[in-house]
There are 2 protein chains.
Amino acid sequence: MLARTCLALALAIALPAMADDAKKTPTPKELLAKSAPAEWRTPDPQNLVYMDLPQGRVIIELAQDWSPLHAANIRTMIREHYFDGTQIIRVQDNFVTQWGDPDGDDKKKAKSLGTAKETLAPEFTRKGGSYPFTRLPDGDVYAPEVGFSDGFPVARDGKGEAWITHCYGTVGVARDTGAETGNGSSLYAIIGQAPRNLDRNLAVAGKVIKGMEILSAYPRGGEPMGFYDKPEQRVTIKSVRLAADVPEAERTPIQVLRTDSKTFAAVIEAKRNRRDDFYTRPAGKIDLCNISVPVRDPR
Amino acid sequence: MLARTCLALALAIALPAMADDAKKTPTPKELLAKSAPAEWRTPDPQNLVYMDLPQGRVIIELAQDWSPLHAANIRTMIREHYFDGTQIIRVQDNFVTQWGDPDGDDKKKAKSLGTAKETLAPEFTRKGGSYPFTRLPDGDVYAPEVGFSDGFPVARDGKGEAWITHCYGTVGVARDTGAETGNGSSLYAIIGQAPRNLDRNLAVAGKVIKGMEILSAYPRGGEPMGFYDKPEQRVTIKSVRLAADVPEAERTPIQVLRTDSKTFAAVIEAKRNRRDDFYTRPAGKIDLCNISVPVRDPR
């Protein structure tokens with residue numbers, strides 16, 4: 001009985017084939033199979049970061065339009081090989097996995113930032129300006145409006161201020177107490193329930209679009225706040241490169257579903273009101289951070 | 001700089017000492033230090049499950065008042081040693097860790113359920129009746145009312161129906177397609193963003209009150225839906241016992257903050273409106289599944 005049990009439970013997210021039945025919600029897999037090529041975008045390789053770990057590759061898309069100063073600084077550090085050999089220094093359960101120079105706090109031992117800047121304007125939010133925004137229908141506990149903008153989960157205050165939210169997979173810029181003290185040399189990825197209280201208090205550098213299952217499964221650190229208590233517990237990052245600097249033939253082929261596409265809207269609606277042999281009481285609603293943006297290997 | 005950076009970021013959840021400053025929000029640690037003994041409860045050992053894994057002990061509190069038939073069936077299986085030697089069979093990223101008999105679907109190989117029942121009434125929700133309820137002030141995307149009841153995160157439809165929500169750490173009953181097919185022999189714990197679409201479609205058996213960092217950090221399975229593709233990837237459960245069946249001297253001392261206490265209300269308020277040297281823009285709101293109920297070792 002169990003395998004069927006497991007399969008049935010897994011319908012929540014996974015995408016089994018489904019018989020024709022007008023009453024059943026189409027699965028994301030079925031919807032994606034019918035998508036048009038133009039509904040997919042290939043991220044700009046200048047905004048794609050390959051972080052190669054012993055367990056595999058993590059791909060981060062930088063939020064160029066939301067934190068351009070941070071994106072530029074991170075690119076500088078990547079190109080000067082700042083991150084190569086840095087480490088996963090902290091994994092706090094249901095919160096963040098953080099990486100960087102474990103000696104970054106010791107001025108005598110800290111790795112040089114090279115030509116990158118030590119401090120940056122905060123870029124915690126964005127005021128005014130124009131950007132695509134596909135609003136979600138069900139509201140939000142934290143903000144008057146939420147939706148997606150070019151693949152990023154975004155909240156708005158209704159008065160012209162907007163920010164990328166701290167959903168699962170969001171990559172943020174660790175900082176010291178002062179708002180201008182973040183520079184991108186230490187980054188964190190959200191690995192649990194979205195800690196939305198971080199919104200507007202930290203700069204978002206981008207989001208993981210592939211490889212979250214690597215960052216989320218490291219052993220949690222035993223020190224307060226999830227820092228590893230022994231240096232040997234830290235995983236060493238092999239290299240961090242920009243896709244733009246990798247020969248085209250060696251890049252990881254990846255496309256992201258456009259968040260202003262009809263297919264993305266259909267995927268959201270299917271999740272809001274899922275009906276099939278297993279789900280008999282659809283939620284009728286969906287929270288911003290419960291939506292993951294589909295990616296695919298276009299080959 | 002990094003260590004300070006890390007510390008500063010970590011203030012979001014961790015609990016450093018803090019200077020006296022009227023403008024600053026007290027930390028949970030400070031609030032808990034001032035709590036009264038009567039604000040803590042010791043869970044009934046008949047409702048406490050010790051699941052011993054090679055990586056340590058996971059403690060689950062059964063939701064006796066919300067799914068009594070399931071609690072009784074699980075107790076029967078525990079006492080007949082059904083779970084000893086069963087395995088972690090599935091870890092799907094940002095969703096669930098599931099355990100049970102890997103051969104449960106094969107009637108010839110499946111472990112006997114002993115005197116436990118094969119099917120149970122669903123117990124997906126609770127209608128009417130009286131139970132404690134401490135309502136949260138900021139609303140919810142999915143339900144008209146949310147709050148806590150004896151430590152469990154609960155949603156209500158405003159018409160007399162209530163259910164435990166699928167927050168991080170909630171333990172649910174895997175089932176087959178039919179609503180009555182769950183029996184507690186395979187359980188899952190939520191390890192990511194709360195999949196609230198499961199609410200009202202599955203029975204909740206209880207919640208993990210200690211040891212989530214073990215269940216959340218297993219490698220994700222490579223098969224669809226996170227099943228492990230090789231039997232050797234599965235972690236074997238050493239034993240599952242009820243605290244009531246363990247000699248008192250060998251029990252894990254644990255207390256849970258009462259969710260109808262003043263201190264719990266103060267902890268929630270401090271999280272809603274956190275102000276300190278790091279957080280300059282408090283969220284002003286909090287989502288149900290962003291609140292974890294404090295536990296402590298009373299010794």
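This tour goes through the two domains of chain A and the interface between them. The model is predicted, so that local features need pLDDT of at least 70 and side-chain atom pairs count only at pLDDT 80 or more, while totals for chains, interfaces and linings use all residues. Residues are numbered from 1 along each chain as its sequence is written, chains are lettered from A, and side-chain values use heavy atoms, with hydrogens and water left out.

Begin by selecting residues 2-41 together with 265-296, which form domain 1 of chain A, and colour 45-255 separately as domain 2; these bounds come from an automatic or database domain assignment. Taken over C-alpha atoms, the centres of the two domains are 28 Å apart.

Next, show the residues in contact (heavy atoms within 4.5 Å), to which domain 1 contributes 15 residues and domain 2 contributes 22. Between them the domains bury about 1,500 Å², 58% of it on carbon and sulfur atoms, where buried area is the accessible area (1.4 Å probe) that two parts lose on being put together, summed over both. Select A:Arg41, A:Leu288 and A:Cys289, which supply 46% of the area that domain 1 buries against domain 2, more than any other three residues.

Stay on A:Arg41 and add A:Glu61, whose side chains meet in a salt bridge at 2.9 Å, N to O. The rule, a side-chain nitrogen of Lys or Arg within 4 Å of a carboxyl oxygen of Asp or Glu, finds 2 salt bridges across this interface.

Finally, consider the side of domain 1 that touches domain 2, whose residues divide into 9 nonpolar (Ala, Val, Leu, Ile, Met, Phe, Trp, Tyr, Cys and Pro), 1 polar (the others, Gly among them) and 5 charged (Asp, Glu, Lys and Arg).
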